[in-house]
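Ready for a short tour? Open your viewer, keep the selection tool at hand, and follow along stop by stop.

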Amino acid sequence: MSATTADSHVFRKTSLHRQRLWALWGSYAALAVFVVIFLVPPFYTIVTSLKSSAEISAQSGSPWMVNHPTLDNFWYLITYPNFQTYYLNSAMITVVTVAVSMTISVMAAFSLSRMGFWGSQTLSTGVFLTYLVPPSLLFIPLFQIVGWMGLINNIWCLALLYPTLAVPFCTWIMIGYFSSIPKELDEAALIDGASYVQILLKIFIPVAMPGIIAATIFAFTVAWGAFLYPLAYLYTSNQMVLTVGIISDLIRGDVFQWGKIMAACLLASLPPIVIYAFLMDYYVAGLTAGATKG
Amino acid sequence: MAEVSCRKVVKEYDGGVQAVKGIDLEIADHEFVVLVGPSGCGKSTTLRMIAGLEEITGGEIWIGGDVVNDVPPRDRDIAMVFQNYALYPHMSVFDNMAFGLKLRKFPKDEIKRRVDEAARILDIGMLLDRKPRALSGGQRQRVAMGRAIVRNPKVFLFDEPLSNLDAKLRVQMRTEIKKVHQTVKTTTVYVTHDQIEAMTLADRVVVMNHGVIEQVGTPAEVYHRPTSRFVAGFIGSPAMNFLPCHIDEAGGGGLMVRVNDAVKIKIPAERTARYMPFKGKEMVFGIRPEHLTQRKEEGRPGFEPVDLLVDVVEPMGMETMVHFFVDGAPICARLDPETSAEPEKMLGLTADMNQMHIMEKETGKVV
Amino acid sequence: MADGTTIPVGMTPARSNAGGSSSMKRFANRKSTTAFLLCLPLILLVGCFVVYPAFYAIYLSMLNKKMTAFVGLGNFAFLLKRHTFQLVIFQSCLFAITAVVLKAFFGFILAHLMHNIPGTTQKIWRGLLLVPWVIPLALSTLTWWWMFDPSYSAFNWILNQFGLDNVPWLGVGWIARLCTITVNVWFGTPFFMIMYLAALKSVPEQLYEAASIDGANARQKLFFVTLPMMRNIISITVLFSLIVTFADFDIVRILTSGGPQDQTHVFATYAFQIGIQSGDIPLGAADSLFMFPILAFAAFFVLRGVTQRTKEIAA
């Protein structure tokens, strides 16, 4: 082997080191490929939304580029009363759903994680199981039920149904977060004279705030993007939310106004994207909370 | 079995932080060497470089006559026992121990023979079918050692293996490790921050501090003949007493240690020549607590009287620790349990000055 | 009382007075009553809009089209004889299994790639790679539809640049099926990536070091350390995704509406067509219920996996 290096400041880059560098750059290259593939559709959405109908149907040049960018599509949508209705409806229903879901979830999670009562363990498992019952199984019988309540074609039926999509998982997340709060905190508060409701409000909610934010984001995302239930139960434009509204309204006959459709998709995707951009860590925490927190 | 050799080994992290600053260490075949020092002194980093888990920034490491800088851990023929045991949770004890051998395609009966033999040495034969989570801390540690033994490697590496165990178990496992080394005799490099472990287990102790080796020597050497203030203060519990002092002339051509006007102790005659160059200078005086006693040793050469004011008395049963203050510096003495020491009273002690040390104030070097 | 937690006016704490076992019982009663009351909204919501409809669906599926008479298993027999429905069964399984396998595969690769790069840059890449999951599925599927459009497909334009012919993406059965699977894989891979990345991070680094010293190379570390440690998360995620993918509605509905010639229909979309659009509610209910055995099977194993995982974490 080589002779001992006399000068201790001569640092040899070992071949192990070089191997690790190669692995790192290889990883970046592979990740870049995936990123490109993943971002192709959003990119195309943006590109199309900036095109006029004329440019789209002319089909000259690459569809991946915009030759005469225009904001007409956006302007049209913003001033289009139906679209405004859809947006407001979505916003309203989502806010209501989030409020209702979080209230129900937090109360139930607090009860199930801290205050045992007969059957609470079964109930926890049951809550988790209901999350696994998909909307596509329930929407047919619910059609009848919503009919009985006279809420067909009434947006408020969603206020009752959307929480069923969010509550099970939100409860489950919150149970996980609440369980990780040490019991000594409760006991200290009890000695200090607090009631259970106070413990919930003054201790659990502040301490478990990351979980609450994550669950709220989840409820928001689910409510904003729901498609099957509104498609099945809402029929007139003034009751519709964005997801159904865009599809049933903007797609007229054979004349596809793709510039407007894509612009509408963009505008409709903004709230989740914005929330995601600012609260990404909570977003991810919500996803992984279930499995890794057990 | 093999020798391990570190030559001018340096570990530097991004940003220029040097965890290990050029150490030289020769470990002989079959030797049990302990790297000891406070947190952050570089001992674990050095061990991990020997293992191949950290890249070597500079210098060379040799195992058994070959340079191993570029050799990955799996080809270095070493075995390691981790602080957190690092047992594979999904495998049984048997499979944990057999894993390395299976990877190397050993025949099944050979694997069984080795695992049974290691289990016998470590007394874990009845645990072979269990999973790690069904074992206690001490049992897990033994399985981790078993995993190392079956490989029959050139070198054993231990990274603070007893730190996660409670005090009683630690004492027990210490003896086990020593027994295993007597049986298997593999070259061992052992890292710990506990100097008692170092003293009881090592053939030689390597005291490290801030990325450099302060002293290498047998336990007796580092205990009785430390070469620096750091080693003197690190080895031995309770720690050595340190007092700032001056070397002054005492009558008859001799020298004395003067801490203050009340505390002056004569230096033994045979050391006069050694300390003469430092006459009049400010130095640091060191003496171990067990060398301050109440026994009257009049006349014995090197045993000098000294009177100190008692601060706190701590009866320990087998001895009594008495604490004093001299000019604000704490001093501790290990006295007989029947001592007459009382707080706020003067106590007459005898200092065994044959065991004293004088250190330079700035460098800490023992002179 | 103690400073810090003063009791605001109007709140009556559940305070037990000292002495007397009856008051202690009252206190315990209060606690469990409060507990139950807190759970009540959840129970009501889930009971009315999940549990009851599920059982009601069973009842509905056994009625005739006008919902006047009881026909037992007649609807189920009727469906099974229809060629379209046989296609639906086949397509649903094909869609779910292929998509989940691909998502798990790509998700696993991505998780490993992400795990290799330093933590500071991980966040940026993760942010970019999660985008498909964040956009509402119904809306992103519209973009895919546009990209697959027969006359204006952007993909066909790329193919044309290389001298290749147009592909009738949504017009031919097999290709259309591939398209639906592609959209689902595009949408769902980020989820798998995130879950697997979290699982990868939870494997202690020292296990890999011990394996290195034991003599394992990269492939062996993957098989003997990584996969066993991740086994639970992998199975939970796969089963969970099977349930969700199996019951997927949005993609097929928007992309193909089940066509061409019913060759992409899955249970959810077919139930919508015959139940809501054609007005045969009982038949639609029967169609949906066919999903139940698979869902129950997967749900059972997911539950078991999650319980095991909870025990694992506690150990």
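Is the crossing of helix 4 of chain B and helix 5 of chain B left-handed or right-handed? The crossing is right-handed (the near helix is turned clockwise from the far one by less than a right angle; anticlockwise would be left-handed).

Before going on, note that this is a predicted model, where local features need pLDDT of at least 70, side-chain atom pairs count only at pLDDT 80 or more, and totals for chains, interfaces and linings use all residues. Residues are numbered from 1 along each chain as its sequence is written, and chains are lettered from A in the order in which they are written.

**Stop 1: two helices.** Select residues 137–150 of chain B for helix 4 and residues 167–184 of chain B for helix 5. Helices are DSSP runs of H or I with at least four residues, and strands are runs of E with at least two, numbered from the N terminus. The axes of these two helices come within 11 Å and cross at roughly 15° (axes are lines fitted to C-alpha atoms, for helices over the stretch in contact, with angles from 0 to 180 degrees between N-to-C directions). That makes helix 4 of chain B roughly parallel to helix 5 of chain B (angles under 35 degrees).

**Stop 2: a sheet.** Still in chain B, find the open sheet of four strands, ordered 2-1-4-5 with antiparallel pairing (strands pair if DSSP finds at least two bridges between them). Strand 2 (18–27) and strand 5 (66–67) of chain B are at the edges with a single partner strand each, so one side of each has no neighbour in the sheet. Now select Trp62(B): its bridge partner in strand 5 of chain B is Val67(B).

Definitions and conventions:
Angles under 35 degrees count as roughly parallel, over 145 as roughly antiparallel, 65 to 115 as roughly perpendicular and the rest as oblique.
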